[in-house]
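Here is a short report on a ligand and its surroundings. Look at the binding site first, then read on.

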Amino acid sequence: MNLASAPPQARRSRRPDPDLSRGAAPASIRSCVRGVGSALPARVVPNEELAAKVDTSDEWIVQRTGIRQRYVAGPGETTSTLAAKAAEAALGAGGLKPADIDLIIVATSTPDLTFPAVATQVQALLGIVEGAAFDLQAVCTGFVYAVATADKFLRSGSNKRALVIGAETFSRILDWGDRTTCVLFGDGAGAIVLEARDSDGRLASPGIIASRLRSDGRHRSKLYVDGGPSTTQTVGHLRMEGKEVFRHAVGMVTDVIQGCFADAGVTADEIDWFVPHQANRRIIDATADKLGIARDKVIVTVDKHGNTSAASIPLALDVAVKDGRIKPGDLVMIEAMGGGFTWGAALICW
Ligand code: ACO
């Protein structure tokens, strides 16, 4: 149900506001979404183009993943330039100037350089000279980790407004001769501005209501990049046991989502929009079905963007805000799972 358009009686019919003592945000300060934006490379690569290079077909890719095309960065397009463009769009959507920001967190596994952080490059590109900026690496779960991290900074009172960005150029760590991985990923960036605001702590009040983060390093070999500064001194290529990732994905994300529901005292049918990490249409559908979330509440962009890792959720949020589906007051669940393994979810009242 859409809370913004619901009559007051329907809003009151929600279950009583819960005990917020576990993972949910306490009353007083909440991290509220002020703006969202995104940026994609200029070049679109349809499945047919890949089928001309490796032994695959549009039919196989669509049937197994739901992906029809992806965007691939060209010369001059890097993770930091895409991130800065997405950040500018989010600031514009929120009616803000760069100087209004005092925290930048960029979730990425594909930085321009080993260091400095993409976040400090975004800071420089936007002309921000105050506050703090750092990168966070949790692969495809990076954006959920970054949202939860920014939320803790804002609720502590140390910062006022955070740019939370997911930005990737996975095309640059793909083995373009490996059909089992090169068809799956794409490039792009998405950003949201989170703002600390006083809140009465009620479920229907804007802001991040609950978040849950998990990881388990024993799964390292199922999804990793085979290079790095401290081992090979090369960037390396992405390697994945796709079937193994698929096998774990639904159970892991379902667990953290149900944790957020418990923390917030809501049930699956009460959320307005489900915005999952866009890795594979079959994983998205299986997760929604397991949780009992109606398919028409699921935001799907994997067909157009492919898997853009940490960028996929904010890219999808921007699409759904721009086309009018996500509106102020809506309850939005985001979730992701990725290399590590890492996984997490967050419930946001928009
Ligand atoms: N085109 C044609 N055939 C292919 C391709 C391709 N691109 N890729 C693999 N195949 C073949 C395989 O070689 C295999 O052939 P075989 O039966 O002769 O051995 C056959 O297709 C079936 O392969 P499977 O791996 O069993 O296919 P599956 O149905 O599992 O789909 C996929 C593979 C799409 C990778 C799926 O396992 C998946 O989506 N896994 C999850 C990936 C994911 O979600 N990653 C998210 C995390 S990403 C991150 O954190 C960076």
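## The ligand site

The ligand occupies the second largest pocket. The model is predicted. Five elements each give two or more residues to the shell around the ligand: helix 3 (58-65), helix 7 (179-182), helix 8 (242-264), helix 9 (281-291) and strand 12 (331-338). Helix 8 contributes the most, with four residues.

Where does the ligand lie with respect to domain 1 (30-199) and domain 2 (207-349)? Both domains give residues to the shell, so the ligand lies between them.

### Who surrounds it

In total, 27 residues surround the ligand. The closest are Thr56, Arg64, Cys140, Lys243 and Asn280. Sorted by class, the shell holds 14 nonpolar residues, eight polar ones and five charged ones.

### Polar contacts

Three pairs of atoms are listed here. Arginine 64 uses a polar side-chain atom. Glycine 242 uses a polar backbone atom, and glycine 339 also uses a polar backbone atom.

| Protein atom | Ligand atom | Distance |
|---|---|---|
| Arginine 64, polar side-chain atom | oxygen | 2.6 Å |
| Glycine 242, polar backbone atom | nitrogen | 2.9 Å |
| Glycine 339, polar backbone atom | oxygen | 3.0 Å |

How much of the ligand's accessible area does the protein cover? On its own, the ligand has 1,000 Å² of accessible area. The protein covers 76% of that.

Definitions and conventions:
Residues numbered from 1 in each chain as written. Predicted model: local features only at pLDDT ≥ 70, side-chain atom pairs only at ≥ 80, totals over all residues. Heavy atoms only, no water. Near = heavy atom within 4 Å. Polar contact = N/O pair within 3.5 Å; in protein donor to acceptor, adjacent residues only side chain to side chain. Areas by Shrake-Rupley, 256 points an atom, 1.4 Å probe, with all protein chains shown as cover. 1 Å grid on protein atoms, 1.4 Å probe; cavity = no way out; pocket = protein on both sides within 12 Å on 5 of 7 lines; lining within 4 Å. Sits in = over half its atoms within 2 Å of the grid points. Nonpolar A, V, L, I, M, F, W, Y, C, P; charged D, E, K, R; others polar. Domains from an automatic or database assignment.
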